[in-house]
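Trainee: I should like to practise defending each label given to a structure by setting the value against its cut-off. May we work through some cases together?

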Amino acid sequence: MNRCLHILLILVLILGCVSYISSPWQALAEDGTRAATVVVAASDSSPQSRAEADYICDGVDDQVEINTAIGELPTIGGKVLLMEGTFWRTEPIVINRSNFMIEGMGPATIIKSATEESLEKDIFTGDGSGHSGVWIKNLMVHGNWQEWGHSGAGDAFDITNLTFSRFTDLEIQQAPGNAFFSEFTRGSQRHGNVLENISEGHSGRGAFILQSLSNLHMRHIRIESGGGYGLYLKSVNYLCTLQDIMTHCHPGEHRGAQVRIQSCWGLDIRQLYIFHSSGPGLELTGSTYDNHIEAHIRWWGDANWESDMGTGPGVSIDGYNNVLDLQMQNGFENSDGIIFRDWEDRTSNNVINLDLDAKGKGLVFTTEHPEYFHGNIIQGTIRNVETPVESLPPDVFVELWNQDTNELLSFGNTSTGSAKHILLQMAVLLIVLLGAAPAVLIVRRWRRHSL
């Protein structure tokens with residue numbers, strides 16, 4: 001008994017030491033300094049918060065105190081704690097180092113643009129150098145562009161030069177430009193960033209414009225009335241997971257796609273909820289391949305925007321070797337389900353599970369190059385669809401259950417339909433058991449050998 005107790009005590013001591021050494025807030029640097037917490041109070045923070053603060057803002061150019069606090073942290077890292085209140089900024093808060101945290105007190109901590117000129121400048125931005133291990137959490141960012149009646153070029157967060165960083169528990173309102181932005185850089189990727197528990201509303205240009213990223217993880221994101229794209233991914237690839245994303249754009253504010261995925265591969269997207277009207281709900285374009293996407297798309301409109309009510313297609317596809325699980329509901333008159341676009345043999349070998357309620361056409365294939373659509377499989381159910389399939393290419397298999405007439409509709413190359421049906425079921429089973437990436441790779445290899 002005593003021996004077991006001694007072993008247990010030794011293990012506790014070892015684990016405690018490891019935890020102490022590995023903690024970024026407690027570890028010792030080589031020069032003997034400790035990670036620190038620097039407290040910054042707003043001009044309207046409580047007397048107690050002001051009394052405990054290392055820096056007290058005066059409501060004018062408050063980014064100066066915040067940037068000074070960041071610079072005061074030791075080389076090992078640390079935390080800048082922003083107390084409750086409103087921090088009025090005219091210039092960016094600059095991320096010029098690695099391994100530190102900026103933490104607020106929830107929605108009670110507000111960073112807000114103070115002048116019209118500040119709309120052209122990012123709220124959080126890097127210094128042009130690559131940094132990693134940054135964590136910004138638990139606060140509100142308010143771009144305040146509606147105060148002056150126009151948007152600007154400044155983004156709430158420019159994460160172009162950041163890797164392995166986290167942005168969690170944030171509320172973003174009225175970003176002058178985009179809520180989150182990363183610049184496209186050919187041949188260069190930023191790795192391992194996490195965006196989680198973020199709500200966005202009324203950004204001037206777009207919500208999440210993310211380019212040249214890999215190993216990206218996004219969870220629990222709410223997008224409301226972004227001025228441009230709700231979510232735009234370009235050159236985002238390799239072990240990226242997105243889950244529980246909802247984007248909602250008012251009719252008339254944006255006629256492009258609500259979610260656009262361009263030149264991406266290796267995405268696993270689950271629980272993507274899209275409310276859209278005039279543009280496509282989901283658009284796959286460019287060399288977009290080997291992705292698994294589960295999307296729930298709902299058309300909607302408003303009497304104030306009658307010309308835009310539900311006129312856009314649910315999905316527009318220009319990509320290959322993708323597995324799509326699509327549920328589309330509440331289509332208006334002339335609302336088409338899926339448009340397949342022929343572009344350089346890139347709209348081929350997709351596997352689509354479909355549940356469609358639309359009052360226009362179900363599946364539409366552009367006809368200039370029908371040979372580009374080879375190997376697509378579409379299977380599922382339809383309701384209220386005026387025309388199930390338009391301009392079907394020769395090497396596409398479609399099997400749809402019409403719930404209005406209680407009949408099975410089969411189109412396309414039925415001689416290979418049974419084999420493709422088996423492939424479809426295998427792909428779905430592999431997705432459930434193993435995840436999207438192995439299933440997509442197997443489907444791709446099978447198709448290459450079978451053609």
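**Contacts around a loop residue**

Mentor: Leaving aside residues up to four places away in sequence, Asp-404 touches Ile-382, Arg-383, Asn-384 and Val-385. Bear in mind throughout that the model is predicted.

Trainee: What makes each of these a contact for Asp-404?

Mentor: A contact requires heavy atoms within 4.5 Å. Ile-382, Arg-383, Asn-384 and Val-385 are listed as touching Asp-404, so each of them meets that cut-off. The C-alpha atoms of Asp-404 and Arg-383 are separated by 5.9 Å, although the two residues are 21 apart along the chain.

Trainee: Where does Asp-404 lie, and why is it called partly exposed?

Mentor: Asp-404 is in the loop between strand E31 (396-402) and strand E32 (407-412). Its relative accessibility is 47%. Partly exposed covers the range between the buried limit, under 20%, and the exposed limit, over 50%; the value of 47% falls in that range, and Asp-404 is therefore partly exposed.

Trainee: What lies 2.7 Å from a polar atom of the side chain of Asp-404, and how do you know that the distance qualifies as a polar contact?

Mentor: The backbone nitrogen of Asn-384 lies at that 2.7 Å distance. The limit for a polar contact is 3.5 Å, so the distance criterion is met.

**Positive phi outside glycine**

Trainee: What is noteworthy about the phi of Asn-384?

Mentor: Asn-384 has a positive phi of about 55° although it is not a glycine. Asn-384 belongs to the loop between strand E29 (376-383) and strand E30 (387-390). Its relative accessible area is 39%, which means that it is partly exposed.

Trainee: What is the phi of Ser-263, and where is this residue placed?

Mentor: Ser-263, not a glycine either, has a positive phi of about 55°. Its place is in the loop between strand E20 (259-262) and strand E21 (265-276). At 28% relative accessibility, Ser-263 counts as partly exposed, because this value lies between 20% and 50%.

**Cysteines and a buried threonine**

Trainee: How many disulfides does a search of the whole structure find?

Mentor: The search finds zero disulfides. For Cys-240, the nearest cysteine sulfur is that of Cys-264, 7.9 Å away. A disulfide requires two cysteine sulfur atoms within 2.5 Å, and therefore Cys-240 is in no disulfide.

Trainee: Why is Cys-57 called buried, and why Cys-240?

Mentor: Buried means under 20% relative accessible area. Cys-57 has 3% and Cys-240 has 1%, so both are buried.

Trainee: Which strand holds Thr-247, and why is this residue called buried?

Mentor: Thr-247 is found in strand E19 (residues 231-248). Its relative accessibility is 1%, so it counts as buried. Among the residues it touches, beyond four places away in sequence, are Ile-223, Gln-258 and Tyr-273.

**Aromatic rings**

Trainee: How many aromatic pairs does the structure hold, and what makes the pair of Phe-124 and Phe-157 stacked?

Mentor: The structure holds 11 aromatic pairs. Phe-124 and Phe-157 are 4.9 Å apart centre to centre, with 5° between the planes. The cut-offs are 6.5 Å for a pair and under 30 degrees for stacking, so this pair is stacked. It links distant parts of the chain, with Phe-124 in strand E8 (residues 124-126) and Phe-157 in strand E11 (residues 157-158), 33 residues apart.

Trainee: Why is the pair of Phe-157 and Phe-167 called edge-to-face?

Mentor: Their centres are 5.7 Å apart and their planes differ by 70°; an angle over 60 counts as edge-to-face, and the label therefore follows. Phe-167 lies in strand E13 (residues 166-173) and Phe-157 in strand E11, so the pair ties together parts 10 residues apart in sequence. Phe-167, at 0% relative accessible area, is buried, and Phe-157, at 1%, is buried as well. Phe-124, Phe-157, Phe-167, Phe-180 and Phe-208 form one aromatic cluster.

Trainee: What makes the charged end of Arg-166 sit over the ring of Trp-135?

Mentor: The distance to the ring centre is 4.9 Å, and the limit is 6 Å, so the distance condition is satisfied. Lys-234 likewise lies over the face of Phe-184, at 4.3 Å from the ring centre.

Conventions:
Residues numbered from 1 in each chain as written. Predicted model: local features only at pLDDT ≥ 70, side-chain atom pairs only at ≥ 80, totals over all residues. Heavy atoms only, no water. Buried < 20%, exposed > 50% of the residue type's maximum accessible area, 1.4 Å probe, protein only. Phe/Tyr/Trp six-rings, centres within 6.5 Å; stacked < 30°, edge-to-face > 60°. Helix = DSSP H or I, 4+ residues; strand = E, 2+ residues; numbered from the N terminus. Lys NZ or Arg CZ within 6 Å of the ring centre and 35° of its normal. Polar contact = N/O pair within 3.5 Å; in protein donor to acceptor, adjacent residues only side chain to side chain.
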